[in-house]
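Q: I'd like to take a close look at one part of this protein. Could you walk me through it in plain words?

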Amino acid sequence: MTHQYQERREVPGKASGPGAVAVGSNHGIISTGDAATIDNRTLHLPAEALRAPAEVPAPPGLNNLPAPRSAVFVGRDEDLARLGAAMDGGGAATVVHGLCGMGKSTLALHYAHRHRDRYNPVWWVPAETPDGITLALASLAAHLDPYASLTASASAEGAAWATTWLQSHEGWLLVLDNAEAPDELAPVIGPLTTGQHLITSRRATGWHHLARPLGLRTLDPDASTDLLMRIIGEPGGPGGPGGPDDGAALEELAAELGHLPLALTQAAAYIQHTAITPASYLARLRRHPARMFAASATDNHERTVARVWQLTLQAIAARDPLAVDILRTFAWLGPDDVPRELAEALVDDDPIAVDEALALLHAYSMITLTPRTFTVHRLVQAVARTPDPADPHRAEEIIEEARRRAIVLLGAALPEDPLFNVAGRPRWRALLPHIEALADHVPPARDDEETAAIWLLTSAFLQSEVQLDRAVDFAERSMTASQRLHGPDAPRTLASRSVLASAYRAAGDLARAITLHERNRDDCERVFGAAHEETLMARANLAYAHGLAGDVHLATELHSRNLADCERLLGPDDKLTLVSRNNLASAYREAGDLDRAISLHEQSTADYARVFGPGHPETLTARSNLAYTYQLAGDLARAIPLHEAVLTARERALGPTHPHTTLAHELLTNARADAAW
């Protein structure tokens, strides 16, 4: 039976009939049990309209899902299975959390569509604000019982009716999308224990009392490329990539975008809309990052990488400006395993402030925090270091200030003396990815005195690690910057040229090494004088290069003269004196004078062990040189045990795959072969 509303006018100020209420000055809704008065109009309702929420059944298949399930849903089968297992666990709600643009809402929507026959109703609740939650619940009340909506004077009353309905029914699903704060959801979820709650949020923490957390990760590389391909189109098809290099370009583009679903979707839509190649999009992204992060090929300009993160930064900045400073600063370093103490160095004597700022960034999924390090998504970094006049958090002067902070922090964190400071080696290895990231992000034309110093020290460390190609690159960049900033005769320039020559020498380019070493010796003698430590070092390096090039007599003569000068000017235990003595011993060995070579190598080994300690890498090198010289002299009884000791020590200190360990293994193998022969 269809019920018609019967409207009638009442005399103002008069009550009429049983249970009637005078409405002469009433506005809004007055419930009387069998009629409702709305703005001076009395609406008579049928008896069934007055049922309690517990007596109102849900219409079959009731849902308000905001979109159909995505036609392009790739790489999330495992996450969907994890979500299903969590939802089947019973009890607490489940919260899918992750970085903005990770695809949390898409995953929740896909789950809700897949299980529409399991739950009723399935109700999507925009949960950014309490008002949004109230409106969505009031809308649920209206769909469950239009009379309940009709007789409610405000959304709050409708939401209360819906809450009562949910409390008295089972089998429903609420999807609370993009929840901002766990505490705002607690009053909603707390009374509702008869159905299921699925929450999505960029907040990663604070859910332990309310929901089971399920972190969402970026797509894997294959799924990222598949997503791009599905949106752009098939190879050779309309709008699809068809060139022979497009597959590689898609993979490179996916990596550049950090495998973030929103960024991938945004890029693919742009490529399809503008009919450009993936390689062209990548070139535009690198040349005009701010414009491409904001570019949208649809009418939904709110769902771009730039926009969603601008909103997130606004929320973070409102709570703790230091957190945004940290994010901008460390956008210039590597994305993974950033030491927390680097962030602590931003604020003098207030580690608690840094703890709170890092925790806030972690809570908003902008970083992943561990007790010792934190990780930043590479695309978050790219946006954070890209100036954008439309974003107050990315003004050019603010970005520049963050770049300067990153350089100063990194430079101050580097251990001194990368060649001889053994205790500093682990820290060097931990910081090396951040040095390399900084070098990639700062154009060489913008190198300054601080970056030139970082590149110089890094080249020396890389030479000690036998990473020679990178050592050459850093030394060349340091020398170029120093020469531009200070001129060809400045001490920093001469030091950079010396390190560069050593890198060439270690890499086997002896012609270029000798040319630079000769120039450096002459310049040092002219600038510092013949007796200066820098001049002595330049002579030692030149003599060593000549020895490697086969000119053993010249090398022996130069080493002998330099050792005498070092002992006289610097003393017998100075590092340069020890190096000179070891080099002279090696020169005698190459010249075939094994008696003198053995005598000097024995002295050198003893001196290194006394000055640096028996396990120092330079001491091990001296012992290896002595063992090799014993081997050449046919004294295998002393050579083999010494080779064995060096190999054991290097395996323990450097690991089994380090080039110095590999060399020790080869020398021992050769010595044992000589003994067997």
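What is the relative accessibility of R404?

A: Happy to help! This is a predicted model, in which local features need pLDDT of at least 70 and side-chain atom pairs count only at pLDDT 80 or more, while totals for chains, interfaces and linings use all residues. Residues are numbered from 1 along each chain as its sequence is written, and side-chain values use heavy atoms, with hydrogens and water left out.

Now to your residue. R404 has a relative accessibility of 24%, so R404 counts as partly exposed. That label covers the range between buried (under 20% relative accessible area) and exposed (over 50%), worked out with a 1.4 Å probe on protein chains only.

R404 also has a charged partner, D448: the two form a salt bridge whose closest N and O atoms are 2.6 Å apart. The pair links distant parts of the chain, 44 residues apart, with R404 in helix α17 (residues 396-413) and D448 in the loop between α18 (425-441) and α19 (449-464). A salt bridge here is a side-chain nitrogen of Lys or Arg within 4 Å of a carboxyl oxygen of Asp or Glu. Helices are DSSP runs of H or I with at least four residues, strands are runs of E with at least two, and both are numbered from the N terminus. While R404 is partly exposed, D448 is buried, because its relative accessible area is 16%.

To put this pair in context, the count by the salt-bridge rule comes to 45. One of them joins E252 and R286, with the closest N and O atoms 2.9 Å apart. E252 sits in helix α8 (residues 246-256) and R286 in helix α10 (residues 278-287), so this bridge ties together parts that are 34 residues apart in sequence. Here E252 is partly exposed at 38% relative accessibility, and R286 is partly exposed too, at 45%.

Another bridge stays inside one helix. R82 and D79 form a salt bridge with their closest N and O atoms 2.8 Å apart, and both lie in helix α1 (residues 77-87), three residues apart, about one turn of the helix. R82 is partly exposed, with a relative accessible area of 30%, whereas D79 counts as buried at 4%. These two belong to a network of salt bridges that links R76, E78, D79, R82 and R217.
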